[in-house]
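Welcome! Please take a moment to look over the chain before reading on.

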Amino acid sequence: MVDKSKFELINVRVFDGNRISSTDRVIIDGDIIGTDPMGATVIDCQGGILLPGLIDCHVHCRRPENLKQFAHWGVTTALDMGSWPQDLRQEIRQHALDHHLTEVWTAGIPATTPGSGHSRIPGLPEEALLANTEQAAVGFVADRIADDSSYIKVIADIPGPSHELLSALTKAAHKHGRYIVAHATTSATYAMAQEAGIDLLTHAPLDAPLAHAAVAKFAVDARVMIPTLRMMQGLARAGQNHGRDYSYANARDSVSALHSAGVAIFAGTDANSGPESPVPHGEGIHSELELLVDAGLSNVEALRAATVEPAKYFKMTDRGAIEPGRRADLVLLAKDPIQDICATRSIRRVWCRGVELRR
C-alpha cells in the first residue's frame, strides 16, 4: 500500500554540512526524515543537490503572506527581529502550522529608549521605550518571556539605551536562558554592545571597519555576527543621500576581518517591505549568501551560515541537517552551490515539514 505522506527521493546528492555526497537517497516520512522506504512514492531527483531548509537569521515578518515568499525561496525557518502585536504573531504562527510553511521564531517587541531614532518607528508600542534603569530591563525581559519570545532584541543606538541598560537587559535575558541580540550599525554602537556582553550583533558598521581590538574581543568573547550585508548596501546608499559618511566597504571589510579571526557569522537578510531599504522576503537570502562569499567566506561556510551553524547555536536540534529524525525541511537544487554559490537560486522543489510547496 502506498503511504501518501512518505516519499523516497532517489538519484539525489546530499549536502552534509561539509561536502556534497555522491548519489544517495532520502526518505521523507510524514514531517520528518525517515529510514524505511516501504510504501513510499519514489521521486527521481535526477542528480539534483539536496540542502537542509535554509535559516534566515534576521527578518521582519508582517503578514502571513510572507511565509509563502520565504518557503518559495527555500527559507523554512526565519528569525524575526521585531514584531507586534501579539495577535499578529499568533496568526503568523498558526498560518505556518496550517499550511506547512516557514516557521518563524521571534523576539517580539524590541527594546529602545525615548528619543532614540527607533523610538519614532510608526506603531512601536510604548512598552518598547524603556527608562535607563535595571528595573525597566528586568520588567521588559519578563514581559517578553511571558509573550514566548525566543530571544531578546535591543537597539544599540546613539542616542539610545545606556551601557547600564544594555548590561541589565543582557543579565536579565541570560537569567531566563535567552540570548540577546543587538541592532548596531556603527563602530561606536558595536563597542557599546560588546561591552555589555550582547550575544549576537546584527548588521555591520557603516562608518568605519571594526578595529583590530574590537575584532579580537569578538573572537575571545565568542560572539556572533549577523551582518545583513544586502541591507547594509541599501543603508549605505540611503545614508550617503542624507550626507552621512557611510560606506558599504566598511561593513564588508568588518565581516572579512571577523571571519579571518574565526568569529561565527550567520546569514540574515533583514527582510522587510519598508520604504528606505526594502529586502525581499525569501529571495534576499540568496543575495546574502553571495555577499558573504564576496566578503571572504567559502561557499561551504556560507551554506553552513544558513543551515548547520544557526541551528546548532539556537539549539534547533530538529533541523539544520539532513539526518533521520530531523524535520523534513528540504530544498532541491538543479546546480551545485559548492561550485557556484549562485546555484542556491536554482530551486526545483521545496518541502516544509515533509509537505512539498506548490511553486
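What follows is a short tour, from the overall build to a few chosen residues and then to pairs of charges.

**The whole chain**

Please keep in mind that this is a predicted model. The chain holds 11 helices and 15 strands. How does its radius of gyration fit with a compact globule? For 359 residues, such a globule would come out near 21 Å, and the chain has 20 Å, so the two agree. Along the principal axes, the C-alpha atoms fill a box of roughly 65 × 40 × 35 Å.

Buried residues account for 56% of the 359 residues. As for what is left on the outside, the accessible surface comes to about 14,700 Å², and carbon and sulfur atoms contribute 51% of it. The contacts also tell how the sequence is folded together: among those between residues at least 6 apart in sequence, 68% join residues at least 24 apart.

**Two residues to visit**

Let us start with Ser-149. It sits in the loop between α3 (134-146) and β8 (152-155). Is Ser-149 buried or exposed? Its relative accessible area is 1%, and because buried means under 20%, Ser-149 counts as buried. Leaving aside neighbours within four places in sequence, Ser-149 is in contact with Arg-89, Thr-106, Ala-107, Gly-108, Arg-144 and Arg-178.

The next stop is Val-26, which lies in strand β2 (residues 24-29). With 5% relative accessibility, Val-26 is buried as well. Which residues does Val-26 touch, leaving aside its neighbours within four places in sequence? Its contacts are Phe-7, Glu-8, Leu-9, Val-12, Val-14, Ile-33, Leu-50 and Ile-322. Another residue to find from here is Pro-324: its C-alpha atom is 8.8 Å from that of Val-26, although 298 residues separate the two along the chain.

**Charges and their pairs**

The chain carries 35 positive and 43 negative charges, and the mean positions of these two groups are 2 Å apart. Side chains of opposite charge can pair when their charged atoms come close. In this chain the count of salt bridges comes to 18. Three of them are set out here, each with its N to O distance.

| Acidic partner | Basic partner | N to O distance |
|---|---|---|
| Asp-16 | Arg-19 | 3.7 Å |
| Glu-283 | Arg-230 | 2.9 Å |
| Asp-318 | Arg-319 | 2.9 Å |

In the pair of Asp-16 and Arg-19, Asp-16 is partly exposed at 46% relative accessibility, while Arg-19 is exposed at 51%.

Where do the partners Glu-283 and Arg-230 lie, given that Glu-283 forms a salt bridge with Arg-230? The pair links distant parts of the chain, with Glu-283 in the loop between β12 (264-265) and α9 (284-294) and Arg-230 in helix α7 (residues 229-241), 53 residues apart. Glu-283 is buried at 15% relative accessibility, and Arg-230 is partly exposed at 24%.

The side chains of Arg-319 and Asp-318 also meet in a salt bridge. Here Arg-319 is buried, at 5% relative accessibility, whereas Asp-318 is partly exposed, at 29%. Salt bridges that share partners join Glu-103, Asp-318, Arg-319, Arg-327 and Asp-329 into one network.

Note on methods. Residues are numbered from 1 along each chain as its sequence is written. This is a predicted model: local features need pLDDT of at least 70, side-chain atom pairs count only at pLDDT 80 or more; totals for chains, interfaces and linings use all residues. Side-chain values use heavy atoms; hydrogens and water are left out. Helices (H or I, at least four residues) and strands (E, at least two) are DSSP runs, numbered from the N terminus. The radius of gyration is taken over C-alpha atoms; the globule rule is 2.2 Å times the number of residues to the power 0.38. Buried means under 20% relative accessible area, exposed over 50%, partly exposed in between (1.4 Å probe, protein chains only). Contact means heavy atoms within 4.5 Å. Accessible areas come from the Shrake-Rupley method with a 1.4 Å probe; for residues, only the protein chains shown count as cover. Lys and Arg count as positive and Asp and Glu as negative; His and the chain ends are not counted. The place of a charge is taken as NZ of Lys, CZ of Arg, CG of Asp or CD of Glu. A salt bridge is a side-chain nitrogen of Lys or Arg within 4 Å of a carboxyl oxygen of Asp or Glu.
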